[in-house]
Amino acid sequence: MSGPLPRIRVLDMTRIFAGPWAAQILADFGAEVVKVEHPRGGDDVRRMGFPQMDAEGRQTGDTSSFLAMNRGKRSVALDIATPDGQQALRALIGKADVLIENFKAGSLERYGLDYAALSTLNPRLVYCSITGFGQDGPYAALPGYDPIFQAMSGLLSVTGNAEGTAGAGPALVGYSVSDINAGFYATIAILAALHHRDTVSGHGQHIDLALLDAQVAAQSHIAMNYLVSGRMPVRAGTASQINTPWQSFQTADRPLMVAVGNDRQFAQFCEVLGLPDLPADPRFTTNRQRMAHKLELLPLLQQALMARGADQWMTMLNEAGISSGPLNDFAAALHDPQLRHRGMWGEMPHPRAGTMPFVANPVQFSGTPVTYGRVPPQLGEHTEEVLAEWLGTGADKAS
C-alpha cells in the first residue's frame, strides 16, 4: 500500500454519505478500508444517484453516488443480527485500528458492538460514531438528513437571493454539504485520535460526531459575525456578507465573479474599469464605507462591466492582481485547464464499465502521493478474501 497510512486498518460500517466519505479519504491516504455491509442490499447509497453505464450503454449495477464515496475499499457482507455475523465482526474489530459507524445512537449496544464493549476487546481501537444529532441530548434519537441540518444550523438563512429581489428566499446548497463537512471532521478526528494513541496513551478512544454540530462549526466566520455583532446575517445571493465588491456581475456576454479583498485592490479594480475617481469618493474609500453604500456603488460597477465580455475582463483583472473567475457548470469545470493540470479529473479501469471517471482527492503529498488502486466494490465481493487475510478463516463465518 502507498500513501501516509499504509498500516492502518479501517472498518467502515457506515451508509449514505458522511461516514463513507471519511472512510474513502482514509483509503485515498493508503489505509486498508473494509466496508462492512448487510448481505441484503448493503449500503442504501448503492441505489441512489444515476446508474453507471458500460461502453454498450448497459447498466453495471453501480450508481454515481455510491461510486463517489467508496473507492479504495473492499466489501464484506455480514449480518450482525446473527451470532456468526457478530462473531466474525468482533474478530475483525480485534484486528482493526479504526471503526466508523453511523447507526442510530445506542442501537449497536444491544449487539455488544458499542464502544464500551469493543474497547475491552481491542483497547487500541479508535471508534468513530457519526449521527445526525449526536449520542446524547434531546434530539439524539431523531432521524435526519442533509436538508434538515442545512435548515436547523442556520445555513438556509444565509443562502439564496436577498429579500426584495427576484426569487427571494432560502436556497438549498446544491450538494449534501453537512454530510461532506461531517466526513471531513470525522477524518480529522480519527487522525488526531490515532496520533494520540500512538504517541501518548497507547489506547484508542470514542469519537462522537453529529452532522448538526459539524454544519454549525463549518459556518465559522458567518456564525461569529453574529456572535460578535449581534447583527443577523442575511441572504445576499452571490455577494459577501462582509466585503464589497465581492459577487457576480453581468458582463457583455456572461456572468463574472469578482472578489476585491482590500482598499488597494478596490482602487486597482476601478482603474481597470475606467473609474479612476471612484476610490476617492468618501462613500467608497474603505470597505466599511462601501458596505454601507452598496446600493450606490454596485450599479456604477455593473454599468462599467457591461462594456466587455467576461474573458476580456478576466485577462485585464488578472494582470492587475484582481481575483475573478467564470461561473462554471460542471462541463466547463471538466475542461478547465488549471483543474486538468492539477489532475482533479481522473479515470481508472473498471471491470464492468471499462473505465470509471472520478473526482480526485485534492491533497498532493510530496513523499506519499495518493493513488487509486480499487474501484468501489460490489456487495460482499471481498468477504472470503478479507476473512482469510485478517483472520485466517473462510466465508462460513460471514453469515
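Trainee: How many helices and strands should I look for in the secondary structure of the chain?

Mentor: In this predicted model, the secondary structure comes to 15 helices and 15 strands. The C-alpha atoms fill a box of roughly 80 × 50 × 40 Å along the principal axes. Of the 399 residues, 45% count as buried.

Trainee: Which share of the contacts with a separation of 6 or more comes from residues 24 or more positions apart?

Mentor: Such residues account for 66% of those contacts.

Trainee: Now the sheets, please. How do strands of a sheet pair?

Mentor: Strands of a sheet pair through backbone hydrogen bonds, and the pairing can be parallel or antiparallel. Here, one open sheet has 6 strands in the order E5-E2-E1-E6-E7-E10, with parallel pairing. Its edge strands are E5 (73-77) and E10 (206-210), each of which pairs on one side only. On average, neighbouring strands of this sheet are turned by 20° against each other, direction ignored.

Trainee: Which helix packs on that sheet, and which strands does it touch?

Mentor: Look for helix H15 (residues 383-391), which touches strand E1 (9-13), strand E2 (32-37) and E5. The direction of H15 makes about 95° with that of E5.

Trainee: Can you take me across part of the sheet, one bridge at a time?

Mentor: Gladly. E1 and E6 pair in the parallel sense over 4 bridges, and Met 13 has Glu 101 in E6 as its bridge partner. E6 is joined to E7 by 4 bridges, again running parallel, and there Glu 101 has Ser 129 in E7 as its partner. Strand E7 (residues 126-131) is joined to E10 by 5 bridges, with Asp 208 in E10 as the bridge partner of Ser 129.

Trainee: Which way do the residues of strand E6 point, and are they buried or exposed?

Mentor: In E6 (residues 98-101), Val 98 and Ile 100 point one way, while Leu 99 and Glu 101 point the other way. All of them are buried.

Trainee: What is the order of the open sheet of 3 strands, and how does it pair?

Mentor: The order is E11-E12-E13, with antiparallel pairing. E11 and strand E13 (323-326) each have a single partner strand, so one side of each is left without a neighbour in the sheet. From one strand to the next, the twist averages 25°. Strand E12 (residues 255-259) and E13 pair over 4 bridges, and Val 258 has Ser 324 in E13 as its bridge partner. Helix H12 (residues 310-319) lies across E12 and E13, at about 20° to E12.

Trainee: What volume does the largest pocket have, and which residues are closest to its centre?

Mentor: The volume of the largest pocket is about 1,500 Å³. Of its 41 lining residues, Ala 68, Phe 330, Trp 345, Phe 358 and Val 359 are the closest to the centre. Elements giving two or more residues to the lining include helix H1 (18-28), helix H6 (177-201) and strand E14 (345-350). By class, the lining has 25 nonpolar, 12 polar and 4 charged residues.

Trainee: And what lines the second largest pocket?

Mentor: That pocket has a volume of about 900 Å³. It is lined by 27 residues, and Val 234, Ser 240, Gln 241, Met 291 and Lys 294 lie nearest its centre. Among the elements that give two or more residues to this lining are helix H8 (220-229) and strand E11 (246-250). The lining has 12 nonpolar, 11 polar and 4 charged residues.

Key. Residues numbered from 1 in each chain as written. Predicted model: local features only at pLDDT ≥ 70, side-chain atom pairs only at ≥ 80, totals over all residues. Heavy atoms only, no water. 1 Å grid on protein atoms, 1.4 Å probe; cavity = no way out; pocket = protein on both sides within 12 Å on 5 of 7 lines; lining within 4 Å. Points joined across faces, edges and corners; volume = space filled by probe spheres on them. Nonpolar A, V, L, I, M, F, W, Y, C, P; charged D, E, K, R; others polar. Pairing = 2+ DSSP bridges. Axes fitted to C-alpha atoms, helices over the stretch in contact; angles between N-to-C directions. Contact = heavy atoms within 4.5 Å. Buried < 20%, exposed > 50% of the residue type's maximum accessible area, 1.4 Å probe, protein only.
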